[in-house]
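Colleague: Could you take me closely through the aromatic side chains of this model, and then turn to the cysteines?

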Amino acid sequence: MRAMRPFEGTMPLDEARAIIDRTIEPIGRTERVRVLEASGRVLARLVTADADVPPFSRAAMDGYAVRAADTAGASRQSPITLRCIEQTFTGQVARESIGPGQCIEVATGAPLPAGADAVVMVEDTDHGGPPEGGHYEIRVFAAVQPQQNVGRQGADIARGQTVLHAGTFLNASRAGALSALGLTEVEVYARPRVAILSTGDEIVDPGTPLAPGQIYDINKVTLSAVVSEHGGVPVTYRTAMDTLEDVARAVNDCLAEDLLVFSGGSSVGRRDLIIDVIAAQGEVLFHGIAVKPGKPTAFGLVGGKPFFGMPGYPTSCLSNAYILLAPALRQIARLPPQPVRSARLPLAARITSVVDRHQFYSVRIADGQAMPAFKASGDITSMSQADGYIEVPIGVSAVEKGELVEVTLF
């Protein structure tokens, strides 16, 4: 147990972000995953094509494969007559080769028959009746040019072409490009494993009967969700009791992971012990940020691993998880920055703010307005009933009703 020690000062938000940015290192560990599961991952190796895609020239339309020269001058007024000698579908290769005055009926995606260099759309033709003996005549009403309505071999991807670079974020279309090459597995960067540790004698897991003075652990759930949403693998640890020995034990256990995130124990009370343990085993790079909610947030290194000390209050913890943890985790996971979605709306009611801190004020959107949703840092409904937040910078004491505000959406 130690005496209470008030914050000597708080760090501006931008300075705290800069410290995190220059401390975090992208993960180097890789793994192989199925292409079916690769969307959302980050490619670890250059991918080049060892074959053409498509591997053959193919019909791009339903119609007739022809020699383009045989259709010269064709029109509705002066149709050209050709003899159809075969019908082919996707997955089939024509047995016959097209000669002068001949054509072969083809389906979209079917290989282009030998001798053909274009496809006439079925809409620009007609035939005189049912085929006899497999052969029949068609009339062509529009001339085509060589390669018209043909998907050429290698037109999508050519053999030897670089398809995707290392570090590329794999979305649905990029995973599709890997599949087009016939790949079933691909090497990607591993998802960072994130230790999530709650501290406090009063914290118990949901499902456990509450004793007097106890509360359920909210932060373990919300932090795990944020980690999962931003490219990490949450690894939850047993809650640490409020003793130096148990907190030190828990911290050492968590060093097996890539990133450590603790909630509770980061403030200035007698039982806020995380900072003492980290200072003894590593380096505290900052403790206390000029933000509301989330002032008692810490960051540093322990055992060579980055750690976040989050406030115990659920809204403070989750707010700074969005503002600080999520961008840092995406940087470790090599993911691109999260796209910002926002809406500019009138504020439905006047709000006040502390002038010495940058406030993140949660709001919900209703009737085309931003409705204040923040209650208190300890109330999870300040976030669960909100759609996003507005920022009130340092030096601003109030935002008036009706003023247009920028709502950053969760």
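Modeller: In this predicted model, a convenient place to begin is the cluster into which ring pairs link Tyr322, Phe360, Tyr389 and Phe410. The count of aromatic pairs comes to 8, and one of them is formed by phenylalanine 299 and phenylalanine 308, whose ring centres are 4.9 Å apart and whose planes meet at 50°, so the pair is tilted. Phenylalanine 299 counts as buried, at 0% relative accessibility, and phenylalanine 308 is likewise buried, with a relative accessible area of 0%. Another tilted pair consists of tyrosine 361 and phenylalanine 374, with centres 5.6 Å apart and planes at 55°. This pair links distant parts of the chain, 13 residues apart, since tyrosine 361 belongs to strand 24 (residues 358-366), while phenylalanine 374 sits in the loop between strand 25 (369-372) and helix 7 (381-384); both residues are buried. A ring can also face a charge, as with tyrosine 189, over whose face arginine 334 lies at 4.0 Å from the ring centre.

Turning to the cysteines, the structure holds 0 disulfides. For cysteine 84, the closest cysteine sulfur is that of cysteine 103, and because the two sulfurs are 4.5 Å apart, they are too far from each other for a bond, the cut-off being 2.5 Å. Cysteine 254 is in no disulfide either, the nearest cysteine sulfur, in cysteine 317, being 14 Å away. Cysteine 84 is buried at a relative accessible area of 0%, and cysteine 254 is buried with a value of 0%.

How values were computed. Residues numbered from 1 in each chain as written. Predicted model: local features only at pLDDT ≥ 70, side-chain atom pairs only at ≥ 80, totals over all residues. Heavy atoms only, no water. Buried < 20%, exposed > 50% of the residue type's maximum accessible area, 1.4 Å probe, protein only. Phe/Tyr/Trp six-rings, centres within 6.5 Å; stacked < 30°, edge-to-face > 60°. Helix = DSSP H or I, 4+ residues; strand = E, 2+ residues; numbered from the N terminus. Lys NZ or Arg CZ within 6 Å of the ring centre and 35° of its normal.
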